[in-house]
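Trainee: Could you take me closely through one part of this model, the aromatic rings and what surrounds them? I would like the cut-offs spelled out as you go.

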Amino acid sequence: MQQKEPKLCKKCKTNNPNIIVQKDPVCKECFIGYVEHMFKMSLRLKCNITQKNEKLLVCFSGGQNSTALVKLASDVVHSTCAHNKSKMFIEVHVLYINESFIMKEFIQEYQPQDYTNFVTNECKLPFQIVDIQSIYPDPYILLQQLHNLSESGSSREDFVRLIKQHIIYDYAIKNGYQNVCFGQNGQRLAADLFSQLSKGRGLSLQSATKYNFSFIYPLNQNKLQILHPLKELLNKDILYYLRLKSNLNFPNFILGQHLSNIVKNKPAHGNIDHLLEQFIDKLQEGFPSTTFTVLSSAEKVTIKPLQQQSHCPLCLEIRDQVYNRLEVETLDNSNQQLINYLRANTKYYNKICFTCNRMLQSAQELENFYNLKGFPPLIVQIADTIQ
Amino acid sequence: MVKYCQSCNTQKAFMVRPKTGNLICQNCFFQAFEDEIHHTIISTQMFQPGEKIAIGASGGKDSTVLVHVITLLNKKYNYGLHLYLLSIDEGIKGYRDDSLETVKQNQITYELELKILSYKELFNWSMDEVVAQIGLNNNCTYCGVFRRQALDRGAIQLGVDKIITGHNADDMAETFLMNLLRGDIFRLPKSTAIITGDDGDNGIATLPRCKPFKYTYEKEIVMYAHYKKLIYFSTECTYSPNAFRGHVRELIKNLEAIRPSAVIDLIHSCEQLDAPHQNQKLPQKQLCQKCNLLSSNKICKACTLLESLNQGRAKQILQIQE
């Protein structure tokens, strides 16, 4: 009986394979080469980073995806890739938003991490740290706002996300960065898309998963390019890449420990983002084409033309249209009075988009939110500028 | 401590409303439930006075509540509609044969004309026979395609203007996510359309299908049926456990548990989508060369599936003879 020949790496046909990449078994070395090559091609062809000395602002959170992004950006800039040493003549700066101020408030065992050694010494990239509370005139207002928001439904996480977004875009524009790079891989983008859809952000279908999306900053009409160069990769690709290239530990703070029992007992500790991550991850295991089917569908979808294109001052997204009253209210008289009151008595109710309204529902001191009381001056300025 | 209804602030609360998470009394719940369906019908100009409407009735909770509410609203607000019951017998023993008894009961209760069509008489195949042939993979595809055509045929025989079905908000949200997961971008914008089939391309008349329960939660339909003491048949289809929709259904339930408005939020997201661009190749609507019903190909999906089934049966007969 003929013995089956042991399978070899599909690319080099020499080494034993270690991982499956898009149905092909590849060895460690070829895998790293694939990731580096894919990253360069993404930047050049999909993200249109072609000009010499083009400035790229890489957003780093300390998580696995952004760590991989910083490592790859560093290799490409310093020509330290394992394969193909061709250099990209771009300027990469790394921006990290330090959330210790709010994390310490909600997670008792939280330990702040110092990434200076990794970014500055190991990756040799300029590193800027901005404290999340620095955007607020009174930082304790931020904590108060988070406490006022609902524990459930990712309201607090969404609020933090939009504050960070304001900081990133403002920093990018003030420092002349036209390109802002995020580290989400394809699987995370698909999960994020589903999460946004579940919160009512249908318009995100046209932008949230693109390699390269143009964003007009409403304050001064400056154009920013939002980039996702790791879109081609899956979770397992990132994990394996980091295992081979990095010695960093990724502390796993126990999420949900600080929540009330009612919320803790909900699916995914009441966190919509985590629920959708789990959903996509589970489907991806059973149906390997899930991620790329979702991303490909999102690319082809078209959005209904809007009567007017104006932005929400909180999330900076374009305000979507409500096609039926029942999307926003019920006819049981339980929320109509409140909606009418807020509409008549607050300054910015009509400027807040559908999804941000959902984020604010069940919040305490709603009037303060809709009057942007205590909010960063930047956000108030944007709200006053928007029609 | 007594908890009061958050709508009227007068009566004692008797339940938490699934759509809002607010406390509500029985009267306010029934009122809101019916008012919201009435608003859905009026705001979308779903019906015209004098129209003949076939209600897709399976005997399940959705169609039973649909029959009850439409009959009630038709009288209360003078829609001027002529209502008929249309039932499809897929031929699933222990499931459909039992639920049809419920439909017959509804016929008597609401004094409506009832038409029952079966897969066996239309296609010469019952679902039990289909599953025996193809197994438990893709059987929902066969059933869905056949049911669509069966409803059309039944509606033509009744001479109605529109069909209404009990598809609720949860169903629509599930369909939206499923179409996104399967990459079906042509169906994506129509996933939550309240009236489908009324576009009449190429001069080919199609029977519009309407979904008055578009903004109605499945849980609320169950509660309405329960507290109104409506009789319905509640068992899952024998062949559905392996359906892909089960994954999405579980997701929707979990989302609802976290944030009650998530189902409506998904519908709102889908409403932002437009039909595919004109430069994207769209299937052209035409009439099937075999059965003369609406199709996007020369031979419609139902006839294609039937052919594959009949070929399988022909192969079996030949094998037995050998």
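**An aromatic cluster in chain A**

Mentor: In chain A, ring pairs join Phe60(A), Tyr96(A), Tyr115(A), Phe118(A) and Phe127(A) into a cluster, where rings of Phe, Tyr and Trp (its six-membered ring) pair if their centres lie within 6.5 Å, and planes under 30 degrees apart count as stacked, over 60 as edge-to-face and the rest as tilted. The model is predicted, so local features need pLDDT of at least 70 and side-chain atom pairs count only at pLDDT 80 or more, whereas totals for chains, interfaces and linings use all residues. Residues are numbered from 1 along each chain as its sequence is written, chains are lettered from A and ligands numbered from 1 in the order in which they are written, and side-chain values use heavy atoms, with hydrogens and water left out.

By the ring rule, the count over all chains comes to 27 aromatic pairs. One of them is formed by Phe60(A) and Tyr115(A), which meet edge-to-face with 5.0 Å from centre to centre and 90 degrees between the planes. This pair links distant parts of the chain, since Phe60(A) belongs to strand 3 (residues 54-60) of chain A while Tyr115(A) lies in the loop between helix 3 (100-106) and helix 4 (116-122) of chain A, 55 residues apart; helices (H or I, at least four residues) and strands (E, at least two) are DSSP runs, numbered from the N terminus. Both Phe60(A) and Tyr115(A) are buried, a term that means under 20% relative accessible area, with exposed over 50% and partly exposed in between (1.4 Å probe, protein chains only).

Chain B offers another edge-to-face pair, Tyr119(B) with Phe123(B), at 5.7 Å centre to centre and 70 degrees between the planes. Here both residues lie in helix 4 (residues 119-123) of chain B, four residues apart, about one turn of the helix, and Tyr119(B) and Phe123(B) are both buried.

Rings in chain A also meet charges: Lys52(A) lies over the face of Phe89(A), 5.3 Å from the ring centre, and the charged end of Lys55(A) sits over the ring of Tyr177(A), at 4.7 Å from its centre. For this, NZ of Lys or CZ of Arg must be within 6 Å of the ring centre and within 35 degrees of the ring normal.

As the setting for these rings, chain A has 15 helices and nine strands, and 56% of its 387 residues count as buried. Of the contacts in chain A with a separation of 6 or more, 71% are between residues 24 or more positions apart, contact meaning heavy atoms within 4.5 Å.
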